[in-house]
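User: Hey, I've got a model open and I'd like to go through it with you. Can you take my questions as they come?

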Amino acid sequence: MTPFMLTVVMLVLLSQAVPGSTERCWNLHGTCREECRREENGFIFCPSGKLCCVKPRFQQKLRG
């Protein structure tokens with residue numbers, strides 16, 4: 001196998017192994033995940049059924 005083909009095959013395999021979700025929500029400020037991180041809050045569900053995890057700085061403040 002030529003070095004070029006070996007490089008192409010490795011790049012294709014590595015691109016499939018990268019963890020994480022690219023599905024975005026909350027006006028592109030949130031990320032769809034199974035569980036939110038400690039510093040995030042989940043408010044709504046994504047079309048995939050995962051939680052939309054949003055950091056507090058992007059959440060709206062309620063006025064009383």
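User: Which cysteine does C32 form a disulfide with, and how far apart are the sulfur atoms?

Analyst: C32 is bonded to C46, with the sulfur atoms 2.0 Å apart. That pair links distant parts of the chain: C32 sits in strand β2 and C46 in the loop between β3 and β4, 14 residues apart. Keep in mind that this is a predicted model, so these are computed values.

User: What's the handedness of the C32 and C46 disulfide?

Analyst: Left-handed, because the torsion about the S-S bond is about -95°.

User: And are those two cysteines buried or exposed?

Analyst: C32 is buried, with 0% relative accessibility. C46 counts as buried too, at 7%.

User: How many disulfides does the structure hold?

Analyst: Three. Another one joins C25 and C52, with sulfur atoms 2.0 Å apart. It links C25 in strand β1 to C52 in strand β4, and the two are 27 residues apart. The torsion about that S-S bond is about 100°, so this disulfide is right-handed. C25 is buried at 12% relative accessible area, and C52 is buried at 0%.

User: What about C36, which partner does it have?

Analyst: C36 pairs with C53, and their sulfur atoms are 2.1 Å apart. This link goes from the loop between β2 and β3, where C36 lies, to C53 in strand β4, 17 residues apart. With -85° about the S-S bond, it is left-handed.

User: Why does C36 count as partly exposed?

Analyst: Because its relative accessibility is 24%, and the buried label needs a value under 20%. Its partner C53 is buried, at 2%.

User: What's the pairing if I number the bonded cysteines in sequence order?

Analyst: It comes out as 1-5, 2-4, 3-6.

User: OK, switching to the sheet. What's the strand order?

Analyst: The order is β1-β2-β4-β3, in an open sheet of four strands with antiparallel pairing. The edge strands are β1 (24–25) and β3 (41–45), each of which pairs on one side only.

User: How many bridges hold each pair of strands?

Analyst: β1 and β2 are joined by two bridges. β2 (residues 30–33) pairs with β4 over three bridges, and β3 pairs with β4 (residues 51–54) over three bridges.

User: Which residues stand opposite each other in those pairs?

Analyst: Going across from β1, C25 stands opposite G30 in β2. Between β2 and β4, T31 is opposite C53 and C32 is opposite C52. On the β3 side, G42 has C53 as its bridge partner in β4, and F45 stands opposite L51.

User: Where do the β2 side chains point?

Analyst: G30 and C32 point one way, T31 and R33 the other way, and all are buried.

User: What's going on in the turns?

Analyst: The β1 and β2 hairpin has four residues between the strands, and W26 in the turn has a positive phi of about 55°. The hairpin of β3 and β4 has five residues between the strands, with G49 at a positive phi near 95°.

User: Which residues make up the largest nonpolar core?

Analyst: Five residues: C25, C32, C46, C52 and V54. C52 has contacts across the fold, among them C25, W26, T31, N41, F43 and C46.

User: And L51, buried or exposed?

Analyst: In between: L51 counts as partly exposed, at 24% relative accessibility. It touches, among others, R33, E34, C36, I44 and F45. The C-alpha atoms of L51 and R33 are 5.5 Å apart, though the two are 18 residues apart in sequence.

User: Which element has the lowest mean pLDDT?

Analyst: Helix α1 (residues 3–16), at 77, while β4 has the highest, at 92. The mean for the protein chain is 82, and 80% of its residues reach 70 or more. Where pLDDT is low, the predicted coordinates shouldn't be read in detail.

User: Last one: what UniProt annotation covers residues 24–53?

Analyst: The UniProt record, an unreviewed entry, gives "domain: Beta-defensin" for residues 24–53. In the model, that stretch is 0% helix and 47% strand, and its end C-alpha atoms are 9 Å apart.

Definitions and conventions:
Residues numbered from 1 in each chain as written. Heavy atoms only, no water. Pairing = 2+ DSSP bridges. Buried < 20%, exposed > 50% of the residue type's maximum accessible area, 1.4 Å probe, protein only. Contact = heavy atoms within 4.5 Å. pLDDT = per-residue confidence, 0-100. Core = buried A, V, L, I, M, F, W, Y, C linked by side-chain atoms within 4.5 Å. UniProt positions renumbered as here; feature names shortened; annotations may be inferred. Disulfide = S-S within 2.5 Å. Lists of a residue's contacts leave out its neighbours within four places in sequence.
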